[in-house]
Amino acid sequence: MDTFKLLKTLTETGAPSGFEEQIAPVVQELWEPFVDTISVDRVGSLIAVKNGRAPEPRPRLLLAAHMDEIGLMVTQIVEHEGNGFLRVTNVGGVDRRQVYAQLVTVHGRKELHGVVGNLPPHLLPEDRRDKPYGYEDLVIDVGLPLADVEANVSVGDFVSFRQPLRKLQGKRVSGKALDNRASVAAVTICLEYLQGRSHDWDVVAVATAQEETRLLGAFTSAFSQQPDAAIAIDVTFGKGPGASDENTFDLGGGPVIDRGPNVHPGLYQGLQEAADSLEMSINTGTHSRYSGTDAFGLQIARDGIPTGLVGIPLRYMHTMVESLDMKDVERTGRLLGEFITRLDADFISNITAALMEEEKA
Amino acid sequence: MNELIKKLVEAYGPSGFEDGMRDLIRPEVEAYADEIRVDALGNLIAIKNGDGSGLKVMIAAHMDEIGVMVTHVTKEGFLRFTNIGGVLPHNLMGSRVQFANGTIGLIYSDRIEDRGKIHPLNKFYIDVGASSPDDCPVSVGDAAGFVRPFMAQGSRLTAKTMDDRIGCVVAIEAMKRLKSTPHQVYFAFTVQEEVGVRGAMTAANHLDPDVGIALDVTLTGDVPEARPMAISLGKGAAIKVKDSGMIAHAGLVRLMKQRADAASIPYQLEVLDGGSTDARSMQIANAGTAAGCISIPCRYVHSQSETVDAGDVESCIQLLVEILANPIEL
């Protein structure tokens, strides 16, 4: 599988949180050849199961990679000299400073290309030139008269950012929605990795919905699938100029395995052992309270699910130039695959027993 | 219908103290329900059976209202209080509140030095006419709701608690008009919405619906210097697409629009920047629910003069009936 093509297909599809029906068919096509069942649930998550070879009832590992992205939504249609413009608000954690001057797709009755506009600095009063625009200032211009805009666009229509994935040097790429389509790509690579290998556990691969707004798909899919263990895969902060040394990671430095309250120590250790067996370089990430990922939701479904968290280092998060190293995506896929092939019938009882052991001196 | 509205909007029922509301609503729905339950948190659930061909649909309208709770009685007999839900200090001066035992209190604040500034809530007090803790008819932990009579002026209806007794009215009226439905419909009159959409959470976990529709008020953009919002009083039912707590199920939004179009029911599309509804809880319950909301446009929300339009209320009822009377395909 060509990782660039995979990422290009995934990131260039516009699907803000709540509008996963745009991206789910794309992921479904990628995963279908590798899995036994696949379907969309009632909140819009895509759930695929690849059966293991152990006798039933088999233990299940859930992999959660969210497929939604940040975006915008139309709040008003306004008129200026016969032309129609759109006011918008954010869907998910959009960085307000970078909305101005973006290219967008308005998902109306038909898809319209537009730009996010306002006045250039020359025409702004001096005291406003250095300040970011708020949503009350910005409009989307689709270049149409009011009547055509009203015929094609309604309040509540989703708007996605539009940006092609581009190659930088080496295996670096830059584009939008690498958060978190990079992880969807990693899960795809994992499923492909498993094709030639045998594994005891069932693998439940979930492309979750509405992570950016409320981790919806994590909570709900963990409930419906009742896995024995789960791993969330999401992007994490890449090192770069200005970034602190703490909890940021080299692009190309390998997957980041997280420790912290959202993570079961047994999963952390299991992922480390899988990396060791592949002689793969990894880093350890930490979170002290809330990981800000699907792991938070997965962990507390039903009577609790031992959960792990794997991160892919990424610079410029929540912008249209999110950047990462494709090697990290590929390694993350292989790491998950290796972890899965190593799972045996005793994995859960072993990691549970380890919690009961006395602290070693 | 104004009689029913008046009965519900003038009643007492701050979050956590909804017993009286339940007693008021129960007789209104008894004749139209196949079964009525009250769950452990106090949600009143009226069930209308379907013919077995449809889905499990939960309708949620919350019975509770914002209010205040006594935290301290001064030695002079004045009551300091905290908020129950989103009580706004600038709406409080000179308000009247009523406790469960009927005691009326007047709200005022400590001396105001700067008339341009509003005191925080802990500088307000309630005067119930007592002169010491000994002759004070209420005590710490007692809750009060606001007092304000219902008013109908033309098509505009005003009350202290349109949020969300008008949603309860929409649910009750829809139950009355719904002759038959393919769906198993749970009309949940929920508790504790104003303190974190809590009643709907447990009800949805228990009922495990396929589809959840909240009935609640939304803000409007049609008053002087309003925050821009494409919702106006009198322009029809509001179909929620997004609020700050959830994004409605895209398929359910489409279905609502189709049903409204087909029945020529006026509607508006709602993108709300502040606040959320019981739909937020229903959406994330169990394995997830296809959740949405029919909103009643309302001016001056969380003040004692919440104002809706009777035509919009009618549109909401009609839309709900159209949705429930027909198959739901998402």
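Which residue follows H6(A), and what sign does its phi take? In this predicted model, the residue after H6(A) is Gln226(A), and its phi is positive, near 45°. The helix that ends there is a good place to start looking around.

Helix H6 of chain A covers residues 216–225, and most of it is tucked away, with seven of its 10 residues buried. The buried set is made up of Leu216(A), Gly217(A), Ala218(A), Thr220(A), Ser221(A), Ala222(A) and Gln225(A). As for what covers them, the buried residues of H6(A) pack against three strands of chain A, namely S2 (46–50), S3 (60–66) and S12 (202–208). Helices H5 (211–214) and H8 (294–299) of chain A also pack against these residues, and chain B joins in with its own helix H6 (278–284).

That brings up the meeting of the two chains. Here 25 residues of chain A are in contact with 25 residues of chain B. Between them the chains bury about 2100 Å², and 58% of that area is on carbon and sulfur atoms. On the chain A side, the residues that lose the most area to chain B are Arg42(A), Val155(A) and Arg214(A), which together account for 35% of what that side buries.

Both chains also have a hand in the largest pocket. This pocket holds about 600 Å³ of space. It is lined by 26 residues, and those closest to its centre are Ser154(A) and Asp157(A) from one chain and Arg254(B), Lys257(B) and Leu269(B) from the other. Elements that give two or more residues to the lining are helix H3 (146–152) of chain A, along with helix H5 (250–262) and strand S15 (267–271) of chain B. The largest share, six residues, comes from H5(B). By character, the lining splits into 13 nonpolar, six polar and seven charged residues.

Over in chain B, strand S7 (residues 104–109) shows two faces. Gly105(B), Ile107(B) and Ser109(B) make up the covered face, while Ile104(B), Leu106(B) and Tyr108(B) sit on the uncovered one. S7(B) has a partner in strand S6 (residues 96–99) of chain B, which runs antiparallel to S7(B) and is joined to S7(B) by three bridges. One of the residues on the uncovered face, Leu106(B), is the bridge partner of Arg96(B). The hairpin formed by S6(B) and S7(B) has four residues between the strands, and Gly102(B) takes a positive phi there, near 95°. S7(B) also pairs with strand S8 (residues 124–127) of chain B, again antiparallel, through four bridges. In that pairing, Tyr108(B) stands opposite Tyr125(B).

Definitions and conventions: Residues are numbered from 1 along each chain as its sequence is written. Chains are lettered from A and ligands numbered from 1 in the order in which they are written. This is a predicted model: local features need pLDDT of at least 70, side-chain atom pairs count only at pLDDT 80 or more; totals for chains, interfaces and linings use all residues. Side-chain values use heavy atoms; hydrogens and water are left out. Buried means under 20% relative accessible area, exposed over 50%, partly exposed in between (1.4 Å probe, protein chains only). Contact means heavy atoms within 4.5 Å. Two strands pair if DSSP finds at least two bridges between them. On a 1 Å grid over the protein atoms alone, a cavity is a set of points where a 1.4 Å probe fits but cannot get out, and a pocket is an open set with protein on both sides within 12 Å along at least five of seven lines; lining residues have an atom within 4 Å of a point. Grid points are joined across faces, edges and corners, and a volume is the space filled by probe spheres set on the points. Ala, Val, Leu, Ile, Met, Phe, Trp, Tyr, Cys and Pro count as nonpolar, Asp, Glu, Lys and Arg as charged, and the others, Gly among them, as polar. Buried area is the accessible area (1.4 Å probe) that two parts lose on being put together, summed over both.
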